[in-house]
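Here are my notes on the model you sent, set out as numbered points so that each can be checked against the coordinates.

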Amino acid sequence: MILILHADTDKNGDDYRQLMAFLSNLGNIQTRVHDEVGTQQVLTEIYLVGDTAALSIEDMQGFTCVERVVRISEEYRILGRHHDDKRATFFDYNGVRFGQDNLHVFAGLCAVDTPEHVEVMMKALQEHGQQCTRMGAYKPRTNPYSFQGHGKSCLPWVFELAGKYGIKVIAMEVTHDTHVREIHEALESTGHPTGVMLQIGTRNTQNFELLKSIGREPDFPVLLKRGFGITLEESLNAAEYLASEGNRRVVFGLRGMKTNMGDPHRNFIDFAHVPVVHRLTRMPVCIDPSHSVGTREATHEGIMDVFHVTAQGVIAGANMVLVDFHPQPSKALVDGPQALHMDELGYFLEDIRIARDAYEQRVTLARQQKKDSASG
Ligand code: PEP
Ligand code: MN
């Protein structure tokens with residue numbers, strides 16, 4: 001059960017104290033208080049965990065600080081959408097809103113290599129009105145002898161270049177707590193010119209200790225990639241690990257499944273799950289067409305498979321597109337063959353706009369259908 005309190009409830013007020021005293025006298029129930037500190041107000045939710053079936057909603061609503069009571073099912077307690085659940089499906093980070101109702105493109109380098117390449121990318125993004133990017137500093141590789149990423153040494157100049165070109169959020173994979181600390185330190189030493197969305201890659205989706213420690217990390221939102229060989233339910237539970245430890249600013253990333261059923265694509269595209277994740281949870285949903293498709297093959301009309309699958313995800317309501325670009329793909333240290341080229345950025349963004357417009361028209365049509373069937 002979740003008690004949603006009125007915004008800006010005074011924790012020293014009588015009513016709040018009485019509520020907490022009442023809750024502490026309930027047997028077999030633990031309470032966990034979560035404050036969501038927004039720019040305008042503080043929203044407090046109290047999670048009641050344990051034998052809550054016998055608790056009465058009316059008793060809880062008797063406290064004036066309680067605005068609403070939500071009975072939750074067992075699954076995805078915090079990030080899930082529950083019956084009659086009107087909790088937010090968005091969060092704000094560094095001035096950017098991430099929600100189930102909007103869309104951001106994170107075009108950038110799979111792996112940071114040279115300052116020149118990073119600068120070309122950031123400059124192009126600014127010219128195209130973008131404020132987000134992807135930049136891999138820590139690269140988990142299949143082969144131990146492959147390039148492992150520049151790690152912490154590149155962070156200061158990557159962050160400074162982001163600041164120079166107005167980039168507000170960089171998606172960056174981390175595989176260990178120390179990486180989060182290094183990101184913190186580099187942001188601190190450069191004066192926070194940008195923000196970071198920590199990315200947990202598909203190889204770590206069920207690294208529960210990493211999930212728990214990043215869940216306790218209050219400063220950064222997280223992009224959690226779906227595990228490439230586990231069920232959707234298992235990956236959504238992994239996201240819930242982050243939230244259960246306190247970090248609920250989570251975006252869920254679809255990146256394809258590893259099976260040769262997906263050949264000739266690198267992974268089997270799973271973007272039909274965009275609306276499913278929207279239905280089951282309150283998380284914004286990201287698609288990663290680059291790691292799903294893995295090539296630059298195109299159809300007879302001249303449309304690359306990467307563009308096609310992006311459009312499929314966006315027309316189904318995707319909220320974030322993570323995509324590899326590179327100024328000189330033949331020199332890229334990781335994933336060059338799947339990278340889009342700089343002169344393709346404008347066309348890619350325009351193709352996304354077309355698909356997003358179509359999605360919005362579909363939403364309008366669905367609303368009309370609902371209205372017609374209610375009145376007819
Ligand atoms: C990536 O986005 O760079 C990446 C390695 O993705 P994934 O974890 O989905 O393979
Ligand atoms: Mn990659």
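**Notes on the cavity, the ligand site and the pocket**

1. The largest cavity has a volume of about 50 Å³, a value that, like the others in this note, is computed from a predicted model. Counting enclosed spaces of 30 Å³ or more gives 1 cavity. Its lining is made up of 13 residues, and those nearest the centre of the cavity are Cys-110, Ala-111, His-326, Ala-332 and Val-334. Sorted by class, the lining of this cavity comprises 8 nonpolar, 2 polar and 3 charged residues.

2. Cys-110, named above among the residues nearest the cavity centre, also appears in the list of residues around ligand 1. The other members of that list are Arg-134, Lys-139, Glu-173, Gln-199, Gly-201, Thr-202, Arg-203, Lys-225, Arg-255, Asp-288 and His-291. When this shell is divided by class, 7 of its residues are charged, 4 are polar and 1 is nonpolar.

3. Which side chains place a polar atom close enough to ligand 1 to be listed with a distance? For Lys-225, a polar side-chain atom lies 2.6 Å from an oxygen atom of ligand 1, and for Arg-134 the distance from a side-chain N or O atom to a ligand oxygen is 2.7 Å. His-291 belongs with them, its side chain having an N or O atom 3.5 Å from an oxygen atom of ligand 1, a value that sits at the cut-off of 3.5 Å used for a polar contact. Taken on its own, ligand 1 has 290 Å² of accessible area, and the protein covers 96% of it.

4. The largest pocket should be considered separately, with a volume of about 990 Å³. Of the 39 residues that line this pocket, Glu-36, Val-37, Leu-43, Phe-90 and Phe-91 lie nearest its centre. The strands β1 (2-5), β2 (29-37), β3 (42-50), β4 (66-70) and β5 (90-93) each contribute at least two residues to the lining. Both domain 1 (2-72) and domain 2 (92-365) are represented there, with at least three residues drawn from each. By class, the pocket lining holds 14 charged, 13 nonpolar and 12 polar residues.

5. Two features of the backbone deserve a look in the coordinates. The peptide bond between Asp-263 and Pro-264 is cis, with omega at about 10°, and Pro-264 is located in the loop that runs between β12 (250-254) and α8 (274-280). Asn-94, a residue other than glycine, has a positive phi near 50°, and this residue is placed in the loop between β5 and β6 (96-99).

How values were computed. Residues numbered from 1 in each chain as written. Chains lettered and ligands numbered in written order. Predicted model: local features only at pLDDT ≥ 70, side-chain atom pairs only at ≥ 80, totals over all residues. Heavy atoms only, no water. Near = heavy atom within 4 Å. Polar contact = N/O pair within 3.5 Å; in protein donor to acceptor, adjacent residues only side chain to side chain. Areas by Shrake-Rupley, 256 points an atom, 1.4 Å probe, with all protein chains shown as cover. Nonpolar A, V, L, I, M, F, W, Y, C, P; charged D, E, K, R; others polar. 1 Å grid on protein atoms, 1.4 Å probe; cavity = no way out; pocket = protein on both sides within 12 Å on 5 of 7 lines; lining within 4 Å. Points joined across faces, edges and corners; volume = space filled by probe spheres on them. Helix = DSSP H or I, 4+ residues; strand = E, 2+ residues; numbered from the N terminus. Domains from an automatic or database assignment.
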